[in-house]
Structures are given as C-alpha cells and as structure tokens.
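Reader: I would like a close look at one part of this model: the aromatic rings and what sits beside them. Please take me through it step by step.

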Amino acid sequence: MIRFDDKVAVVTGAGAGLGRAYALLLAERGAKVVVNDLGGSTRGDGSSTNAADTVVEEIKKKGGIAAADYNSVVDGDKIIKTALENFGKVDIVINNAGILRDKTFSRISDSDWDLVHNVHVRGAFKVTQAAWENFRKQKYGRVVFTASNAGLLGNFGQANYSAAKMALVGLCNTLAIEGAKYNIHSNVIVPTAASRLTENILPPDFFEQLKPELIAPVVTWLCHEDCEENGSIIESAAGWASKQIIVRGKGSVLRRSLADPVSIEDVREKWDKVVNVEKIDYLGSIQEETANLTKYFSEMDGSLDEADEENDFSDKYSATFKECITFALGIGASVKNPGDLKYLYEGHENFTALPTQLIMPALMATMTSSKILNAIPNKSYDLSQILHGEQYLEVYKPLPLNEELRSTIDIIEVLDKGKNAVIISGSKTYDKNDELVSYNEIASIVVNGGGFGGPKNATKTKLTEEHPKRSPDATMVEGTSASQAALYRLSGDLNPLHIDPNFALLGGFKEPILHGLASLGFAVRHVLLRYADNDPSLFKAVKVRFVKPVLPGDSLKTSMWRQGNRIYFQTEAVKAKNIVISGAYVDLHNVIDKKLSPPPSGGHTLFNSPGFVDAIQEKLYLTQNLRDISYNCLLEVDDCGRKNSWIIHNGHISKIFPSDCKDYDVVLKINDSDLTSMLSGKLSYRDAERCGAVNVEGDEHLAAMILQLVTPKTKL
C-alpha cells in the first residue's frame with residue numbers, strides 16, 4: 001500500500017474541491033497535512049477560517065494529522081512557516097489555490113489581470129520558493145503546479161486565467177531542471193474536475209462525473225517518493241489520465257548556404273513545409289529543441305530527402321560489406337598493404353571489419369540520445385558545443401554483417417570542470433540474439449557547460465593511462481590524404497565540421513579537421529600491424545584521450561610501448577608537431593611479437609633513440625644517388641633477441657611497409673651493439689662487412705651505399 005508516513009504536505013486552496021480531496025487522501029495515507037485556504041470567494045474576495053478548519057476536522061476525525069493555515073498564497077513564507085512550526089519540515093507542496101476574473105480581453109482591467117496572476121503565478125512562486133531551501137537541504141521534495149486546458153489551448157473570456165496557467169507550465173519546466181540533482185521533482189496537473197471554479201462553466205451532467213476524488217490519486221502519486229516523473233504535464237478527468245507533450249513539425253531550411261540571406265519570398269515558398277505537422281519531433285527539453293538546429297549546417301540545399309531526415313542517426317545500426325570497406329578506407333587501409341585485403345574485399349576468405357568500427361553504433365545512439373542533452377542540470381546547450389574528449393571501446397565479438405544492432409545509452413558521470421562540463425556515457429551494443437557485441441564509453445566535452453556545482457573528477461569510468469617513461473619500443477608513421485575526412489565521414493559521422501569550410505571557420509578552425517575517431521583508427525591499425533600480425537581477433541579494448549585536431553594531409557606518427565598484453569601508445573601529427581592522442585592504450589588477447597623483453601626501465605637502445613630516425617632521414621635526403629633511384633631496403637636490428645625493423649624506401653625511413661613495395665631489394669641484418677658502434681663512428685661499414693657484423697641479402701652495391709649512411713661524420 002502506498003504510504004506517506006513521516007512526510008509533510010502543504011496543500012494550498014485545500015478548503016474545498018480538488019485541494020480538499022488531495023489533503024484528505026494524503027492524510028489518509030499517513031502524511032501530516034497543512035490545509036491552506038484563505039476562505040475567500042472564487043473571485044478572490046473576502047476571507048474566512050471556516051474552509052480550512054472544516055477540512056482539518058475531517059482529517060482528525062479519521063485519525064489523521066493536520067494543521068490549518070489561513071494565509072494568502074502571496075505570503076507563501078507564512079504558509080511554509082506553519083508547516084515548520086507544526087511538523088518541523090516540509091516534503092510536498094501542491095499549488096492548488098486559484099481564482100477567476102473572467103472577462104473578454106478588451107474588458108479586462110489591470111485589477112482583473114493582476115489579481116489572477118498574483119494568486120496563480122506569484123502565489124505558486126512564493127509558496128514553492130519558501131519550501132525550496134528545505135527541499136535542497138534534505139535532498140528531497142515534490143512539487144505539483146495546477147494548470148488548465150484554458151492555458152494550454154486557450155478559452156474565450158479567460159485571457160488572464162489562460163496566461164497565468166501557461167506561466168505555471170514554464171515555471172515547472174525550469175524547476176524540474178534545477179531541482180533534479182537534489183531529488184526535487186516538479187510536475188503539472190491539468191485537472192478537469194467539479195469545483196467552485198467550474199461549477200457554472202461545465203454542463204450539469206458532465207459536472208456530476210468530474211469528482212475531485214477521481215483526480216486526487218493521480219496528484220498524490222506524483223508526490224510519492226517512488227514516482228520518478230519530473231517536468232511532466234499530466235491531464236486528468238473522470239478517472240482518466242494522460243501525459244501531454246510539446247512537439248514540433250519537421251520544418252524546412254529557408255536558405256541554401258551560409259553565405260545566403262533569408263528573404264520574405266524564401267519564407268513564402270517554404271511556408272507549406274514550415275507549418276506541416278504531419279510528421280513531428282517530440283521535444284523533451286530546450287536542449288533537444290536547439291540540438292536539431294545544428295543539422296541546418298549540413299542541409300544547405302534546403303531539399304531534404306525524407307528517408308535521410310528520419311534516419312540520419314539512430315540507436316539501430318547495421319553494416320553491409322560496403323560500410324565495412326568504407327570504414328577501413330577511412331582509417332587508412334590500402335590494397336597495397338599486406339594483410340589489408342581482408343578489410344577491403346568482400347570475397348576474401350577472411351573478410352572482416354576493423355574492430356574500431358564498433359564505436360559507430362554507440363556514436364550514432366549517443367548523438368540522438370536525449371539523455372546526453374539533459375545530463376547537465378541548469379544548463380542549456382546543443383550539439384555544436386560538444387567535443388569528443390575520450391573514448392573507450394571493448395569488443396566481445398566481431399561486428400556482425402547484415403544484421404541490425406541496437407545500442408543502449410546510460411549516463412555514468414557528469415563532471416564540472418569549471419568553464420566546461422564533461423558527460424561520460426556508457427553504451428552497450430547488442431546483436432539480434434541480445435548478445436553483447438561491444439561496450440563503449442564516450443566522454444563528451446560540453447564547451448561553456450560547467451559551473452553547475454558537480455564533481456570535478458571521474459570515479460566510475462575507464463581512465464586514461466600515461467605511457468612508460470622510456471623511449472618507444474616501436475614507432476610507425478603514416479600519411480593521411482587531403483580527402484581523408486571526406487572519406488571517413490561516409491561511415492556515419494556527418495558533422496559538417498569535417499567537410500564544410502564555412503562551418504569549420506564557425507568552429508574556430510582554418511579548415512575542416514579530421515575526425516578524432518579517424519586518427520584513433522589509424523593508431524589502432526598501427527598497433528595491430530606491429531603487435532598482432534594484423535589480426536583483428538586479437539583486439540580486446542582501446543582507451544584514448546583526444547588532445548588536438550588533425551588537418552587532413554598531415555602524417556600520423558604512432559609511438560608504442562609494450563607491457564605484457566597492453567600496448568601503450570601516443571599519436572602525433574607530424575607536420576603540425578602536435579600530440580593529438582595521449583593517455584592511450586590497446587589491450588590485446590595475445591601479442592605476436594618476436595621481441596623477448598622491453599628495454600630496461602629508464603633506458604633505451606640507440607636504435608630506438610629519438611635522434612636515430614632524424615639522422616638517417618637527413619642523410620637519405622642529402623645522398624643524391626639514393627634519392628634518384630627506386631629501392632626497398634629492410635634494416636633489421638637484433639637487440640638481445642628483440643628484433644626491430646625499419647624500412648628504407650626511396651629516400652625515406654619509416655615503420656610502414658611502402659604501398660608500392662612488392663619485395664625488398666636488400667635486407668641488412670645487424671645487432672644493436674654493432675649498429676651503435678657504427679653510429680658512434682667506432683666501426684666503419686667496410687670493417688662491419690669484413691668482420692661479418694652485418695649480414696647482407698640482395699643487392700650488395702645498394703647495401704654498401706646505405707651502410708655508408710650509418711657511419712656519420714658527426715656523432716649522434
């Protein structure tokens with residue numbers, strides 16, 4: 001049985017009708033009730049203690065507890081004082097008091113207007129505000145405002161009353177947002193009941209069916225601690241109830257580009273679409289209302305395809321071989337790279353998706369989730385303020401093809417970083433058999449969303465981890481194309497920031513930037529190439545922090561450190577010289593690595609020293625005869641059983657197998673100590689050959705030219 005034991009309720013206008021029914025039912029279920037009623041007429045004239053006293057006596061005769069209050073609701077602090085003096089606290093406020101001064105609009109006097117608004121709006125404001133601090137301190141409160149269909153829909157002769165009732169809806173909406181973090185719920189009841197205010201308005205037969213006692217259970221449920229409703233409009237009459245919502249039509253874009261103005265003629269031409277409400281959007285908050293407007297920037301042609309408009313983003317996701325191939329191309333897979341064909345050809349016997357594609361279902365669901373846009377209390381923001389801060393992905397099974405997946409979204413934490421806020425959401429993606437496919441955590445930075453008084457540091461989410469304090473165990477460098485973002489966005493992230501120069505300028509960038517998830521995809525590919533023999537089934541999880549943007553066309557350098565099955569990594573934009581991904585790691589089920597152990601703690605081999613690549617690259621550039629020929633050389637260095645390999649290709653040194661390389665012209669094998677001697681000038685390349693310190697396979701003339709490079713005139 002639903003009870004209100006130990007709860008204290010204040011009901012205004014409780015001397016008769018609905019207020020009396022609320023007070024009697026709450027008291028019957030164990031609440032201590034303050035019965036407030038000024039005792040005036042329906043027009044607000046006069047006063048009397050009789051109305052409140054009568055209801056208090058009814059409650060006491062039935063064994064309940066109640067106290068009478070005769071103050072005007074405009075003196076709300078006095079009403080709450082009655083509750084505190086009699087019962088020591090207040091838990092529930094039902095704003096029910098009201099009067100009528102019905103006149104046609106042209107005949108409403110200032111007095112008619114002010115008196116109605118004072119009782120309905122100012123009265124509800126004063127009573128609720130007087131109780132608010134008590135609610136905040138005890139982390140609990142329930143508030144009900146009383147609106148009317150006259151407010152929601154209008155009614156002849158009730159302009160003052162209608163305006164007041166609609167004002168209460170706006171007041172409730174804001175209090176629902178401000179009170180949420182304190183467990184204060186505010187809702188609106190829209191009752192149609194037999195009362196003094198409706199006695200002369202409704203038909204007699206209908207009036208008899210509208211008993212207040214049929215609405216009282218709806219209102220008292222809204223006041224119960226188990227009721228999670230907040231910010232809702234509930235209509236009730238004659239034993240029936242329903243939620244009312246605010247909706248919006250699909251509308252129409254009025255201009256074709258950011259450079260175009262809007263003319264009156266444009267509006268006239270699109271007016272039929274503007275007012276068409278055959279298809280609607282449900283708007284649960286001002287954030288949802290404004291968030292959809294960001295789509296405007298990617299819809300400049302003004303002629304939206306209806307199917308695309310409905311299906312841009314969804315908590316449903318499916319991938320055919322085309323989506324998988326597009327995604328793989330977007331993160332740098334190439335038919336010229338050994339092992340990549342299984343990502344790019346649907347007829348391959350091992351055709352599969354790259355593991356980071358399983359971020360996409362979660363991203364789609366996150367971008368359309370109202371939970372994200374309602375996560376920060378007391379703040380209005382839209383998608384244009386949201387940046388991707390961190391990403392975690394854990395894969396339980398490969399991405400199923402030609403199968404609809406569904407994703408759920410939950411808010412894990414909302415952090416207050418001062419100026420900005422961070423919303424951390426968790427997303428579980430399931431297949432058609434409801435088996436878990438993947439889990440994602442997305443940290444979304446809301447620019448200018450901070451200052452709401454929330455926690456500063458995360459305690460419930462996957463945290464980034466800094467790489468070991470030593471030189472990298474491996475490094476890979478790979479270029480992106482100028483069209484990389486244009487290609488990657490076809491995987492589903494259609495944010496115009498990555499394609500529209502005008503939108504990029506609005507976002508503070510000189511040109512469109514590459515998606516952070518594209519950079520992540522490149523880095524994970526590098527880890528798989530280096531430590532998993534390019535086998536995506538060995539991938540378990542990845543965690544990254546996005547630091548700075550990448551401009552398409554820049555090269556991405558991934559530095560890697562191995563500790564067991566965890567590969568720490570950091571990604572740098574080479575041309576910009578910016579770290580773009582940090583605090584990152586990939587967890588593998590198993591590592592395929594011929595190296596036996598990492599370098600000693602705090603040290604590094606000369607092979608892995610920061611100056612090695614720069615020194616060799618500079619000499620390759622200065623050596624004319626090595627710049628003018630086409631060749632591929634594998635330089636393999638043995639460091640106590642740990643084999644490191646570099647590729648020297650057409651005047652460049654890197655860890656990436658060149659796209660046009662079919663085979664190596666020469667393979668040079670040397671151990672780290674001999675390489676160190678050569679780099680330091682203690683061992684010449686001729687002496688190295690003579691004593692067998694270097695093993696040459698292939699073109700010996702080319703080998704001699706390359707070996708000269710590692711006998712520097714200037715020591716590293």
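Author:
**Aromatic rings**

In this predicted model, the count of aromatic pairs comes to 3. One of them joins phenylalanine 327 and tyrosine 488, whose ring centres are 5.8 Å apart. Their planes meet at 55°, and a pair counts as edge-to-face over 60 and as stacked under 30 degrees, so this pair is tilted. The pair links distant parts of the chain, 161 residues apart: phenylalanine 327 belongs to helix 12 (residues 321–330), and tyrosine 488 to helix 16 (residues 484–488). Phenylalanine 327 has a relative accessibility of 1%, and because buried means under 20%, this residue counts as buried. Tyrosine 488 is also at 1% and therefore counts as buried.

Another aromatic pair is made by tyrosine 568 and tyrosine 585. Here the distance is 6.4 Å centre to centre, and with 65° between the planes the pair is edge-to-face. Tyrosine 568 is in strand 19 (residues 566–573) and tyrosine 585 is in strand 20 (residues 578–588), so the pair ties together parts 17 residues apart in sequence. Tyrosine 568 is buried, at 8% relative accessible area. Tyrosine 585 is buried as well, at 4%.

Tyrosine 585 also has a charged neighbour: arginine 566 lies over the face of its ring, at 3.7 Å from the ring centre. A further case of this kind involves arginine 530, which lies over the face of tyrosine 531 at 4.7 Å from the ring centre. Tyrosine 585 thus appears twice in this account, in an edge-to-face pair with tyrosine 568 and beneath arginine 566.

Notes. Residues numbered from 1 in each chain as written. Predicted model: local features only at pLDDT ≥ 70, side-chain atom pairs only at ≥ 80, totals over all residues. Heavy atoms only, no water. Phe/Tyr/Trp six-rings, centres within 6.5 Å; stacked < 30°, edge-to-face > 60°. Helix = DSSP H or I, 4+ residues; strand = E, 2+ residues; numbered from the N terminus. Buried < 20%, exposed > 50% of the residue type's maximum accessible area, 1.4 Å probe, protein only. Lys NZ or Arg CZ within 6 Å of the ring centre and 35° of its normal.
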